Amino acid sequence: QVQLVESGGGLVQAGGSLRLSCAASGSISSINYMGWYRQAPGKQGELVADIYSTGSTKYADSVKGRFIISRDNARNTVYLQMNSLNPEDTAVYYCNVRFVDTSSYKYLTVWGQGTLVTVSS
């Protein structure tokens, strides 16, 4: 009953910026974790950045200093501001959320549909 809707992907030139968003809706009591993952053709999926309910964040070494993860608790939305993009950032980006379900009060995990980011040289 919980869904994630991702948006913000697209085509951008090297050096440009994009802002991804992921909005969660449904029977959510509270959100424990939000994260962004990406997967490029021929490569393993990798964690890009994540943020916890405490506000603590973590970034992959390859994006430190360029990407910023943030959240809007009132809207159950997580953002990924991507600056100084380069072709190596080209991938499908997936949002991941761990939350407490209102009916069962169990921790559940849901993934977004993915949004494609293409960076041209």
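Select W111 to begin; this residue is found in strand β10, which covers residues 107-111. The model on the screen is a predicted one. Is W111 buried, exposed or partly exposed? With a relative accessible area of 47%, W111 is partly exposed, since the partly exposed class lies between 20% and 50%.

Keep W111 selected and display the residues around it. Leaving aside neighbours within four places in sequence, W111 is in contact with L4, Y37, Y94, C95 and N96. Next, add V2 to the selection. How far apart are the C-alpha atoms of W111 and V2? The separation is 9.8 Å, although the two residues stand 109 residues apart along the chain.

**The disulfide**

One of the contacts of W111 is C95, and this cysteine leads to the next stop. Select C95 together with C22 and show their side chains. A disulfide joins C22 to C95, with a distance from S to S of 2.2 Å. The distance is within the cut-off of 2.5 Å, and the count for the structure comes to one disulfide.

Now follow the backbone away from each cysteine. C22 belongs to strand β3 (residues 18-25), whereas C95 belongs to strand β9 (residues 91-101). The pair links distant parts of the chain, 73 residues apart.

Turn the view to look along the S-S bond. Why is this disulfide called left-handed? The torsion about the S-S bond of C22 and C95 is about -85°, and the disulfide is therefore left-handed.

A surface display is useful for the next point. C22 has a relative accessibility of 1% and counts as buried. C95, at 0%, counts as buried as well. Both assignments rest on the limit for buried residues, which is under 20%.

**Two loops**

Select S84, whose place is in the loop between β8 (77-82) and β9. Its phi is positive, about 50°, although S84 is not a glycine. At 45% relative accessibility, S84 counts as partly exposed.

Then move along the chain to Y105, in the loop between β9 and β10. What is the sign of phi at Y105? Phi of Y105 is positive, near 60°, and this residue is also other than glycine. Y105 is exposed, with a relative accessible area of 59%, because the exposed class begins over 50%.

**The whole chain**

Finally, clear the selection and show the entire chain as a cartoon. How many helices and strands does the chain have? There are zero helices and eleven strands. Read from the N terminus on, the elements therefore run β-β-β-β-β-β-β-β-β-β-β, as the strand runs are numbered from that end. The radius of gyration is 14 Å, close to the 14 Å given by the globule rule for 121 residues, so the chain is as compact as a globular protein of that length. Along its principal axes, the C-alpha trace spans about 50 × 25 × 25 Å.

Colour the residues by accessibility. Buried residues make up 40% of the 121 residues in the chain. With the surface shown, the chain exposes about 6600 Å², and carbon and sulfur atoms supply 48% of this area.

Contacts may be displayed next. Among those between residues at least 6 apart in sequence, 55% join residues at least 24 apart.

For the last selection, choose the charged side chains. The chain has 10 positive and 8 negative side chains, and the centres of the two sets lie 4 Å apart.

Definitions and conventions. Residues are numbered from 1 along each chain as its sequence is written. This is a predicted model: local features need pLDDT of at least 70, side-chain atom pairs count only at pLDDT 80 or more; totals for chains, interfaces and linings use all residues. Side-chain values use heavy atoms; hydrogens and water are left out. Helices (H or I, at least four residues) and strands (E, at least two) are DSSP runs, numbered from the N terminus. Buried means under 20% relative accessible area, exposed over 50%, partly exposed in between (1.4 Å probe, protein chains only). The radius of gyration is taken over C-alpha atoms; the globule rule is 2.2 Å times the number of residues to the power 0.38. Contact means heavy atoms within 4.5 Å. Accessible areas come from the Shrake-Rupley method with a 1.4 Å probe; for residues, only the protein chains shown count as cover. Lys and Arg count as positive and Asp and Glu as negative; His and the chain ends are not counted. The place of a charge is taken as NZ of Lys, CZ of Arg, CG of Asp or CD of Glu.
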